[in-house]
Amino acid sequence: MIKRQVADGPAEPRKEALVAAAYQILATRGFEGLRTREVAATVGVNIATLHYYFPHKEDLIRGVVGHAMERFRGTLSGAGSAEEQLRAHFRGLRRLSRDEPELFTVMAELAIRGVRDASLRKIVGGTDDAWRAMLRTLLRRARDEGAVAAGLDPDGMASVIVATLKGTFMLPASEPENVERTFRQLETLVGLRAMRSKAARVRPER
């Protein structure tokens, strides 16, 4: 039996609009300012419609985290060598920190709240686990390809990258120079900057 829609109009655009509204409220007023009735009113629907798509506030938060993860996934090319993908990932994160600072504000807000909220911690922790796993895979491949130091520990370095960047973006009003300095230091630690410098030295003159 097909479940009847509560609200008129396409389901997915309306669901996406609710997520976008919650995302903006989190970015501007934090978790404490997130009220489901206000989210519904912002989109122009009643609270019953919101509950149709998101039965619990937790479900709405999952939607917000999923939206944020889509933006982060855009930094992964999925093509080229592991070294090229790592470089692209760092470039993409730099771009997001410059062009979409609210993305990091939202994730930092949820992470901080998650310290006191087990269910929220589980949602956010799952994204961190996925990020670390992706970095471990790329770092292991880059090491095997000879693109980074042979002695690099992919597991440890993935944890360092995630912890360092999360810590950097949790700081209030992170200065662009500090963000860039952090990225450069991580690239040096991984070995990407050293490999790039070496490549520049051996590149033939044109």
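Hi everyone, let me start in the middle of the chain, with helix α7. In α7, the buried residues are Leu 120, Ile 123, Val 124, Thr 127, Asp 128, Trp 131, Met 134, Leu 135, Leu 138, Leu 139 and Ala 142. Before I go on, please keep in mind that this is a predicted model.

So what covers those buried residues of α7? The cover includes α4, α5, α6, α8 and α9, the last of these being residues 176-190. We will meet several of these helices again in a moment.

First, α7 itself. With 27 residues at 1.5 Å a residue, α7 should span 39 Å, and its end C-alpha atoms are 38 Å apart, which agrees. Just after α7 comes Gly 146, which takes a positive phi of about 80°.

Now let me step back to the whole chain. How many helices and how many strands are there in the protein chain? There are 10 helices and 0 strands. If you read along the sequence, the pattern is α-α-α-α-α-α-α-α-α-α. The protein chain has 206 residues, and 39% of them count as buried. As for contacts between residues at least 6 apart in sequence, 63% of them join residues at least 24 apart.

Let's turn to one of the helices that cover α7, namely α4. Helix α4 covers residues 57-73. Its 17 residues should span 24 Å at 1.5 Å a residue, and the end C-alpha atoms of α4 are indeed 24 Å apart. The buried residues in α4 are Leu 60, Ile 61, Val 64, Val 65, Ala 68, Met 69 and Phe 72.

How do α4 and α7 pack, and at what angle? Their axes are 11 Å apart, at an angle of about 20°. Angles under 35 degrees count as roughly parallel, and α4 and α7 are therefore roughly parallel to each other. The crossing in which α4 passes α7 is right-handed. On the α4 side, the contact is made by Glu 58, Ile 61, Arg 62, Val 65 and Met 69, and on the α7 side by Ser 119, Leu 120, Ile 123 and Thr 127. Sorted by class, that contact has 5 nonpolar, 2 polar and 2 charged residues. You may recognise some of these names: Ile 61, Val 65 and Met 69 are among the buried residues of α4, and Leu 120, Ile 123 and Thr 127 are among those of α7.

Next, α5 and α6. Helix α5 is residues 82-99, and helix α6 is residues 101-114. The axes of α5 and α6 come within 5 Å and cross at roughly 95°. Anything from 65 to 115 degrees counts as roughly perpendicular, and α5 and α6 are therefore roughly perpendicular to each other. Here the contact is made by Leu 93, Leu 96, Ser 97, Arg 98 and Asp 99 of α5, together with Pro 101, Leu 103 and Phe 104 of α6. These residues divide into 5 nonpolar, 1 polar and 2 charged.

While we are on α5, have a look at Gln 85, which is found in this helix. Is Gln 85 buried or exposed? Gln 85 is buried, because its relative accessible area is 11% and the cut-off is under 20%. Not counting residues up to four places away in sequence, Gln 85 touches Ser 77, Gly 78, Ala 79, Gly 80, Leu 138 and Arg 141. Leu 138 is one of the buried residues of α7 that I began with.

Helix α6 also packs against α8, which is residues 154-170. The angle there is about 100°, with the axes 9 Å apart. That makes α6 and α8 roughly perpendicular to each other. Phe 104, Ala 108, Ala 111 and Ile 112 of α6 make the contact with Lys 166, Phe 169 and Met 170 of α8. By class, we have 6 nonpolar, no polar and 1 charged.

Let me pick out Ile 112 of α6. With 42% relative accessibility, Ile 112 counts as partly exposed. The C-alpha atoms of Ile 112 and Val 124 are separated by 10.0 Å, and the two residues are 12 residues apart along the chain.

My last stop is Thr 164, found in helix α8. Thr 164 is partly exposed, with a relative accessible area of 28%. Leaving aside neighbours within four places in sequence, Thr 164 is in contact with Thr 182 and Leu 186. Thr 164 and Phe 183 are 19 residues apart in sequence, and 9.3 Å apart from C-alpha to C-alpha.

Thanks for listening!

Technical notes
Residues are numbered from 1 along each chain as its sequence is written. This is a predicted model: local features need pLDDT of at least 70, side-chain atom pairs count only at pLDDT 80 or more; totals for chains, interfaces and linings use all residues. Side-chain values use heavy atoms; hydrogens and water are left out. Helices (H or I, at least four residues) and strands (E, at least two) are DSSP runs, numbered from the N terminus. The expected span of a helix is 1.5 Å times one less than its number of residues. Buried means under 20% relative accessible area, exposed over 50%, partly exposed in between (1.4 Å probe, protein chains only). Axes are lines fitted to C-alpha atoms, for helices over the stretch in contact, and angles run from 0 to 180 degrees between N-to-C directions. Angles under 35 degrees count as roughly parallel, over 145 as roughly antiparallel, 65 to 115 as roughly perpendicular and the rest as oblique. A crossing is left-handed if the near helix is turned anticlockwise from the far one by less than a right angle, and right-handed if clockwise. Contact means heavy atoms within 4.5 Å. Ala, Val, Leu, Ile, Met, Phe, Trp, Tyr, Cys and Pro count as nonpolar, Asp, Glu, Lys and Arg as charged, and the others, Gly among them, as polar.
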